[in-house]
Each structure stands twice: as structure tokens, then as C-alpha cells.
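Here is a walk through one structure. Start with how the chains relate, then look at a single residue.

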6 protein chains.
Amino acid sequence: MTGIVVTKKPSFSKALSARLAALGVATLHEAIGRRGLMRPSIRPIQTGAKIAGPAVTVLAPPGDNWMLHVAIEQCAPGDVVVLACMSENDDGMFGDLLATSMQARGVAGLILDVGCRDTDTLRAMGFPVWSKAIHARGTIKASLGSVNIPVVCGHVSVRPGDAVVADDDGVVVIPHEEVETAAARGEERVRLEEAKRARLAAGELGLDIYGMRPKLAALGLRYVESLDDMRA
Amino acid sequence: MTGIVVTKKPSFSKALSARLAALGVATLHEAIGRRGLMRPSIRPIQTGAKIAGPAVTVLAPPGDNWMLHVAIEQCAPGDVVVLACMSENDDGMFGDLLATSMQARGVAGLILDVGCRDTDTLRAMGFPVWSKAIHARGTIKASLGSVNIPVVCGHVSVRPGDAVVADDDGVVVIPHEEVETAAARGEERVRLEEAKRARLAAGELGLDIYGMRPKLAALGLRYVESLDDMRA
Amino acid sequence: MTGIVVTKKPSFSKALSARLAALGVATLHEAIGRRGLMRPSIRPIQTGAKIAGPAVTVLAPPGDNWMLHVAIEQCAPGDVVVLACMSENDDGMFGDLLATSMQARGVAGLILDVGCRDTDTLRAMGFPVWSKAIHARGTIKASLGSVNIPVVCGHVSVRPGDAVVADDDGVVVIPHEEVETAAARGEERVRLEEAKRARLAAGELGLDIYGMRPKLAALGLRYVESLDDMRA
Amino acid sequence: MTGIVVTKKPSFSKALSARLAALGVATLHEAIGRRGLMRPSIRPIQTGAKIAGPAVTVLAPPGDNWMLHVAIEQCAPGDVVVLACMSENDDGMFGDLLATSMQARGVAGLILDVGCRDTDTLRAMGFPVWSKAIHARGTIKASLGSVNIPVVCGHVSVRPGDAVVADDDGVVVIPHEEVETAAARGEERVRLEEAKRARLAAGELGLDIYGMRPKLAALGLRYVESLDDMRA
Amino acid sequence: MTGIVVTKKPSFSKALSARLAALGVATLHEAIGRRGLMRPSIRPIQTGAKIAGPAVTVLAPPGDNWMLHVAIEQCAPGDVVVLACMSENDDGMFGDLLATSMQARGVAGLILDVGCRDTDTLRAMGFPVWSKAIHARGTIKASLGSVNIPVVCGHVSVRPGDAVVADDDGVVVIPHEEVETAAARGEERVRLEEAKRARLAAGELGLDIYGMRPKLAALGLRYVESLDDMRA
Amino acid sequence: MTGIVVTKKPSFSKALSARLAALGVATLHEAIGRRGLMRPSIRPIQTGAKIAGPAVTVLAPPGDNWMLHVAIEQCAPGDVVVLACMSENDDGMFGDLLATSMQARGVAGLILDVGCRDTDTLRAMGFPVWSKAIHARGTIKASLGSVNIPVVCGHVSVRPGDAVVADDDGVVVIPHEEVETAAARGEERVRLEEAKRARLAAGELGLDIYGMRPKLAALGLRYVESLDDMRA
């Protein structure tokens, strides 16, 4: 499946993207049943960015960023580009010129399972990137990959149109069929956490709020004043 | 030694903690004979934080953060929680709710030999964390570990009550029997360094200040104008 | 080749260093034919620093920073010190005292294929460092290495006097015979990119600006509305 | 999608498995268009084993191998079990007792994106395993995962019933719809390679057999007697 | 605690060592409550070796193997030498000359948290080694470490006289107070496993032998014919 | 310096290669002053091979093995091919067809700073390879690199014609100007070691043979019966 550009993909509204971005990676990962989280090797090049949007997926050969040019044409405003690589590679497949082009198309941000360069300029431009490395190593434009086919990025399956949410904690992928539900569950989760946060801030213990003491005792948790007591 | 909570541990004064935090990791590591330094894989999630305090230790199963709830009840104000894991694990065992609870108890900060999440919120709250990864991966509450037993974290032995000092350079552990001495030696070291710093800033060379030239010559150090001279 | 200090090395003007620093790592790496880039494991300890200058090279034994003291005497204002290690090592070979001394000599910055410590103070002093780790681990002064011999740092050959350029993207090394040409080519490259940037910012696609469409078609790139079309 | 066991999956004949095993990983990876290869971190615990069969997939929590017991019941003779983990984990999820059970069911072998133990006994039993680590770390049986859902293992998507082929080179996954075609193409590839091998063994060069010289010349490849010639 | 050689240490009989070696790493790790296992980065340089004995511990500076010479004098026949390093280091601290000396003293084997060299000769000599790397990098004899103090090796605390057991699965450490108990529990465990092995070999499932079905059902495990059934 | 093939290189006799191969990596690394050793990430795919010969160097783009075909034509019998890559890459750039061609030309072996495939067949053929990974990932033939220019492989500079020696311990590179001297020094070193080996085998201690006791005492090494004595 190399050399293919799929021109149609599922999508969802910018309003929904905004809700997802506000909820953030950790909350949504929990809300969809602890799935979809990319490996922690994918890190933001900036601090404080929070984005969400439908995925435009790219599969690139190692050291070759040609398909990113092909992908930009397939992007709608608010999309998030996700680049997977055919083998492990840290080359700097993305820099300020491509960012200028993506920003002009309204792309929300970029996830790279390879390296990124021009990071100083990208931060100044406000174009958010999550990548596996910061590396200036230049790439070529010689071989085909594909755009908008299912890929594996950061050890997670991503299909075109799936929701990609990224912030300082990393990147989570939500199947496009579940985006609306995920947002609703995430918001419900936030409401529940608010109540707990207030009680915890007031000094109550999780042990009591969550009723953990009987379960811990049942499993045999013992309190001793010193390890010597235990051995006695 | 799973399923044990030791309720008493050695401690030391907040004044002493403040002296240790001011001295910092590099100075104290040297002051105690170049011991106690955690591996550089344990990194701060924030910049500029400097903390010190008696350790509350936690041993957790991989992917299970239940013992953190148990540990909070054992914390006194000023304590530093140190979480070791039974096997290598990057899961996000700590987030903003647990931080709210720790902050309510006056905990000074947290050292994690696993992952951390909600990093944006933690920085906003001013709750300092050092961790092996930033990862939103959720954890369960199913199995027992222990609290306040000796653990190995970041390749260093930590006993409950040992002093834990952390800053931008990493984390150092000082045996509780040696905390007072370490602080005194660290402060002496700082005084000695101040005099040297002034001389170095004035352009004097370490070669002269430390009297290194004769030793280097004795070992055979040769100065040549080019490598060709040497081969001649 | 241990125990040698070479006292003469090629150099170039501060004006040329300033031009290189302004061009930055990614541009110069491309301008010299995609060579000379250190591995991405060498990272800046600060954000936003951009330096360039002739290399003073240091080869150090693991855990021993004695040769840094020897090297400082060989530094001219504007030089960049590059420390390679005889084996893989993360020890904190450099801290604020050595930085004070280097700053007094006018050294522009430091590249370490080992660890760095006192990072908070170094940032406050404004002395820029790129290193393989942040680690407070102390070092000894017991064995000889060499100064100003050819070394391999970050998987790149560096000879004394070669230009070292470092910024947020990493570190690139330019052979001293090619520095002037590299600067000129880099500046030409920047001019060409400016024109492209304006067109990309206006929404034109790289596919059209670079005339990529016929080449992609010739290689067989296919556009389909869905993968099902393709299988049909 | 946790807590689900899917009891039906696609399959293919033992004769086809035998053809795939004989072709091997490198040939089949090429035959299906350079796809489906697991990352090289998944390594065999033995030398010389060559297996192929339909995948029974397992998704396990870190440190918990309960789902392997559930999976064995779903295995038909000749199947290959593929275990993916919810987060990065090196625990020894598999040892000689489970191997005894799998061998009794006729399972062809096991791919683990975690650790393996009892490796000495497994080799003696002749039960082949590919794993990310060799580690004796024990696991629990406390939480649900799933069996026969799509997983990502070794950075590759695997669906139940896909063909898994493993040998000393690693592991490749072939979509179940393409298994017959892949075998045919692989065998054709082997035939073509045989002819080339004979010519290469006779001393002919790939440059001539593959007609590479004109293409290399067109790209500007230059032959010189020394680099000095080139600079002249 | 540098520069100290402790000349007395706890010990146990060769008969007990033989029982431990026969039980192996995985069984003993389980028998002592899943503790004491070194990280999987410590690997055997040979296949099939199984050793056990009281630890002689060594703490060495990076790149300096002097303390190994000091340690040999402290070894009794049957001891296992465990070398920890003050910082991360892969240098080849051990080769065939030191092995000749250790073999002459009756040392059972060596655990290195650094590199090993002369591996071909060591295998021919039959002197078993577990190490973090195979690397010929030479070391110096310039700085003091210590012998027979508590160390951390492979992320595990080891005290002199603790039992060290190593085989193809890795290395486990048993506190010297618990060696007798560990052997007895390990042997009981082996007996219990034999019975289970026979039933598993006869085709019975772990699901039935261990009575897992009701627990899995209680947690909500669902069996479906396809994922579509589930979504329906 | 891309797109260049240098057709002449220094060389040395097969008799000298045989002496180097017999001496091995560890001895020669010491004999030339502890230089020239590749990083331990470059590992043999077989056990027991010992080779030496003049280097034919190759610089390849990531994922592209075209230059290996170009290099074979430049090989004389007894040469060792050394492949460096423009960026970090694990792709399987070498397999059985290229090995057949190299074997036909009399090439002694291959060092790869990338991946290798068809490892089972290569072992059966007796063609020795050292590589950074075992990976079947296929490569393309699209971009130029160079042959017989200076490269960095395994973090060591290699020039065409330098001696490359490889065995189970790894790979060492000897500058071609020093090959004769290195062999002589290595053989002298072996003679000296033989005498020491006999004394060590007879039970004498290195402490006595090397006269270490006074130096250790002078540095302050203390012998105590227990750590408590020391604290007293």
C-alpha cells in the first residue's frame, strides 16, 4: 500500500475539536477506556500547546519527506497531520517552510514519528509539533509513501479522520466513530474530578473518599511501627 | 516485603531541609563523597524547583498506583515522596488529583521512577515532580506494594527518612544519619568555591589555582605546535 | 595519542562566526551537503542560544575532567570547546566554576559528549552548553587525555579549528577549509527560502512551487476516494 | 475494548503455513511490498527456528499475564500467539508451564512484546519464542485484557488470523486476505534470486547484473583515484 | 564509603549453593516474593551456565577496574563477585587474566554492571559472566573504590554474603538471612509445578486447573463470535 | 562529499591480516594506546569469527544500500567492508545475495552501522558480519553515497585502508600507518600476558604480581572486619 493518496476521510466539527483540546490527553485516554495513547517517546517541541483535530495520515520512507508535500493538499483547516515512518528514523523531516505551508492551510498541528528541525522558528511561529527527536538532518524527495491510509505512529493505530489530541502530556488517538462519546465522557469525568479535587484540597484522604481501607485490609495490608516489628 | 506500611520514620527539621535545598544536588553529592546520585533518567517536569526533605518511600507494582494513596496518610509536612517500581514502567502513576492531596498535606515534592501526567496542571499548581517519563498512561488500583520500606529508585538505595534533595540537575539521597554533616560540609564547600570563583572570574586559570602543572608534566603531558611535530 | 596538547589551530574571524550563528544549524547542514551533524542525543541545556566559533577539541577519559582545565588555556575569545570521551559516559564533567573560567576567557560555548551539571546556574550566567545528559555525578582529575587533536563527538569528526555551530536544533561541524563557502551558500539558501516562504504563506502548495506533480505521477502515485476503490 | 474474547477468527491451511515458514521473514516482507515487519527489538530466544501460522492476538495489562491462559483455549493447532501490552513492559509473562500448555494444544510459537523467562527450558522443549526481553520478573493475574482483537505488537498492526512468520531475522505479519498471494510472490522471488545468486557466486557484479552503471553515472557518481584529485 | 575493604562477610554452604543453582532464577525470584531480580540489561555472555554463591561486592569508579584485584583476595571458593559502578559505564573491566585469577581461587562466577571482554576465551575457559555489555574498552588502575560494602547492581541492593543466583534468565539476589528458606520454598514450588505440568501436558487448561473461569466472569469477561456482535 | 568513489587505497599483506586476526580486538585496542574501538552496539551476528583486513569504506543514505553494490567492485581479496550511514538507521542493508557477491570477491567480512538480514543463511555460508541490528527491513537503491572516503562508524573514524579487526568482543580500527607496529606490540603484549597468566593460574594474586599493595595503601585503602569497625 505504497503510492496511494486517499482523498476522502471522516471529519468532525471545530467545536468538537475545541472540546477535545480543552479536555486534554490524560482525561480522554481514561474516558475511552485507557486506549489510544502514543508512546512517551513522542514529545512536544513547545510547552503549553493543546490541540485536537481529525487526522491526515502520512506514511513516509526513512529520510524522505516528499509525502508531506502531498499531504498538505489533502488537509482541511483544523486537521492534524500524523506522520508515521516505514522504519525507525530520527531525520528532521519537518521545518519552517513546511510549517508555513501548513499554517497557511489552517492545519492545527503535526505529530511526527521522526525528527523535527527549525524548532526555534516553529515555536516563534506558534505552529505546534510533537516529535520523536529534534534533529536537523536533511531529507530527500525520492520515493513514494502514502497519504490517508491506516498507519501505526508512536505504537498506536491511526486511521484518517480519527481524532488526534495532543498537549504537554503527549498524544492520544480516538477512533472517529467514538469522538462525540469520548468528549461527553471526558466532560463527565472532569465534573466528577472537580468534586473530588475540592475534598482532597481540604485535606480529606483518597483512602477515605474512595473507600479504599476495607479493600486494602482484605488484601492483607499491614501497618507496623518498624520492620523489626514485622519480623518479630 | 509486600503489603507493609511502616508508620514511623526518622526525620529532620524544616530548617535543615531549607539549607539542603539551597545547597543543591551537585554540591551535596560532592559533600558526601560522591554518593547517592540518582541516574540522569530521572528528570524534573519543571524548571527552577529546588526541594529537600525526609523521604517517604513507596514500592509499587507496574501500572498500579494504589500505594500512593496509602503513602499520603504517612506524610508529614515537608516530606518528599519517593516511588520505586517493582519492574521498569513508564505509566503515568501521578497526576493533578494526587498532587492536590499531597499539597494539602504539605508534601514538598515527588520523585517517580515511573511516568507522570497532568504536567501542565502540576506546573501551574507549583507542585514539583521528578520522573522517568511524561506519560498519560492510566494505572489501576489492584495490588499491594509497600510504604516506608527500603527501596531502590533511580539506581540508588533510599530508606524512609533519608534526605532527598532535587533540583534541575537531578536527585541526590543522603543517609539520614549524615544529614547534618552533609549540610555543614556542603556549606564549607560553597565558601571555598566562592574564593575560587572570584579568581577564575578574574582570568586566573585552574591550572595555576589548583597547582596542576607539575602533576600534568610528571604524567608526561606534552605541548606541541602541531601533531606533525610529535610524529617527527 | 594521549597526553598531547596542540597549541596552534586554524581559526576564523568573529564576523564570520556571527554570520554562521545567524544562519543556524539546519541551514548550514544543508549548505555543506548534509554533512557534519551531531547525533540528536546532544541537546542544549537552555533555549534560544545560537553560537558559532572555531573548535578547541578535548579528549577525556570517562569520569575525568582534568583536560578541560588544560583546554581553557588554549582557548581564544570566541572559541567553542568540544569535549569527546574515550568511552560512553554521562558524568557531569562541567559545572559553574569551569564556566566562570571559560566565560572569563571569552569562550563562546561548550559541546559535551558527556553530562553537564549546575545547569540552573549556567543558564543564569548565560553560558551556553549542549550535552548528552544533565547529571551531577562528580569527576576526578587523575588521567591524561589530549587537547586539540582530531576527535569524534556526537558521531561526527571534529578537528581543532573546524567551525562548530549550535542552536536549539543541535550541533553541526564545518571543516575549517570550507567555513567561508558554507556561510556564503547558507546565505544564498536563506534568500531562496525567503521567496518560497512568501509563496507558501500565500497558500501556494509545494507540489506546484517545486513542480512535483509530474514526478509523483511518473512514479505511480494514485489518488483514490477510498481504499476500497483501490482494491476494486 | 477490554474484557473481550472473540472466539472466531480467519485461518489458513498448515500447508500454507509451511510454505510461509520456508520462505522466511525477509523474503515475505519484500513480497508484500515491504510492509508488516516488527521492530528489531523483538528477538528470538533461540537460533534457527522458523515458524508461521494464523495469529491468536492477546492484549495484556503491564505485569499481568492472565489473558494468556484465556488465549490458549482459543488456539487451534498451528496457531501463533501474539501478545501485545497496554504499556511498555519487560516482565516475564511467559515461562515453561504456559509453554507446556501451548505445546499440548499444538501452538506453533509465541511473539511477546514483553519479557520471557525459563528460556533454557523453553529451548530444551523446542517451543519457539520471540520476545522484547529475557526477564524472570513474575506477573500477576488480576486484570482483564482481551483476546482476538486487533493489536499493535512490535509497532505493527496484527489482527486475529493474520499470518505471523518468524525466524532468526525477526517477525513479519501478513494480512489474512493476502496470505496466498504473498506465498506465491515469495516463491517467485526465491526463483528469481536463485538465478542471480548463481551469477553473483560466479563473480559477476550486481552493478552489471542489475544494469546500475548508467543510472549511477546519470546521478553524477564520480570515480577518482584520490580525494585530492577531486579537490583539484 | 570509598577506600574500604571489609574482610568478613556472611556465607553459606556449597551444598546450599548447589540447591539454589539447580532451582534457578525464575523459581527463586518467585519463592522470595518476587524480589531481588536484576534488570534484564544484565545478560549472560554464555548459554547454559547456572551458578549460585555468596556475594563478594565491589564498587568501582567508571573506567577503573583496580578494585577487582583487591576483591579477589577476599574471595572464598564458591563465592560470586558482583561489581557495581559509581556511574553508568560499559568499559570492559574484566577479561581472561582476571578470570584466570578468579578461577584459581575457586570463584563461581561474576556479575558486572559494566562491560566484559575476551568473551571468546572466557567461554572456552568455562568461567561464567553476566554483564551489561560486551566491550573491549580498556580500563585504568588509578582510583579507589570499595570491596564488601552494600552496593546497587542491576537496580538491586546487594550486601556481601547475600546469595547471588544466575542463569540464562538473568540474576537474582537473596538476602543472606533468607537463603535456607528460599531454597526450601523454591523446592516446594518445583514440586507443585511438576503436578501442574503433567496436567497441562495432558491438555488440561490453566483456566480449569487454577479455577479461573468464575473470577474472569465476575470481572466481566465476555465471549463473542466477532467484534460486530459486541457493538450490536 | 557525496557521489564519489575513490579507487585507490592503502593496503597491507594477508600475512599481516592473519597476525591481527589472531591477536584479536582487546589486545590490539590496548596495543595502540586504547584507541579505535567501536561502540558496543556493533555486535557480531555469529559466534567465534575472527577477521582482519584493510577497510573499504561506504557511506550510505538511510534506507538505501545502493553503494554496497558500488563498493564490491572496489574490494580486493581480504578486504573488510565498513558501512557508515548518514543518519541513525536499522534497516537491513545487507543479505545473502550481497554476501554471495562479496564472498565471490574474497571479502573477509562486513561491519554495518545499520541492520543485517538473512542472518541464518549468512551463518550457514560462513560470511561474518558485525551489525547494529538484525532487521529484515528492505532498502531502496535511489540515492548516491560514497565509497572509500573517511567515515565515522560505531563512533570511530575509519579511513580506507585502515586495518579493521573484529571478533566476539567487537570491532577495532587501526590507522594504516600503524598496522605493522600494532601487530608487533600486540604480540609482545601476548608474550607478557602469558607469563602473568601462568602465575595467576598458580594462585598468585595480581596485588602481588603487579606490586599494587603499596600504592593502594598510599591512597588510603583500609581493611576492616566490618563497617561498624570503621564507624567506630
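The paragraphs below take the chain copies and then one proline.

The model is predicted. Begin with the symmetry. Two copies of a chain are related by a rotation about an axis and a shift along it. Take chain F and chain D. Turn chain F by 120° and it superposes on chain D, with an RMSD of 0.0 Å. The shift along the axis is 0.0 Å. The two copies are therefore related as by a three-fold rotation axis. Which residue of chain F comes closest to the rotation axis? That is F:Thr47, with its C-alpha at 6.8 Å from the axis.

Now take chain C and chain A. A turn of 120° lays chain C on chain A, and the RMSD is 0.0 Å. Here the shift along the axis is 0.0 Å. In chain C, the residue that comes closest to the rotation axis is C:Thr47, at 6.8 Å (C-alpha).

Next, stay with chain A and find A:Pro128. This residue sits in the loop between helix H5 (119-125) and strand E6 (129-134). Is A:Pro128 buried or exposed? Its relative accessibility is 10%, so A:Pro128 counts as buried; the cut-off for buried is under 20%.

What does A:Pro128 touch, leaving out residues up to four places away in sequence? The contacts are A:Gln46, A:Ala49, A:Ile51, A:Ala108, A:Gly109 and A:Leu110. A:Thr2 gives a reference point along the chain. A:Pro128 and A:Thr2 are 126 residues apart in sequence. In space, their C-alpha atoms are 28 Å apart.

Notes: Residues numbered from 1 in each chain as written. Chains lettered and ligands numbered in written order. Predicted model: local features only at pLDDT ≥ 70, side-chain atom pairs only at ≥ 80, totals over all residues. Heavy atoms only, no water. Least-squares fit on C-alpha atoms with pLDDT ≥ 70 in both. Helix = DSSP H or I, 4+ residues; strand = E, 2+ residues; numbered from the N terminus. Buried < 20%, exposed > 50% of the residue type's maximum accessible area, 1.4 Å probe, protein only. Contact = heavy atoms within 4.5 Å.
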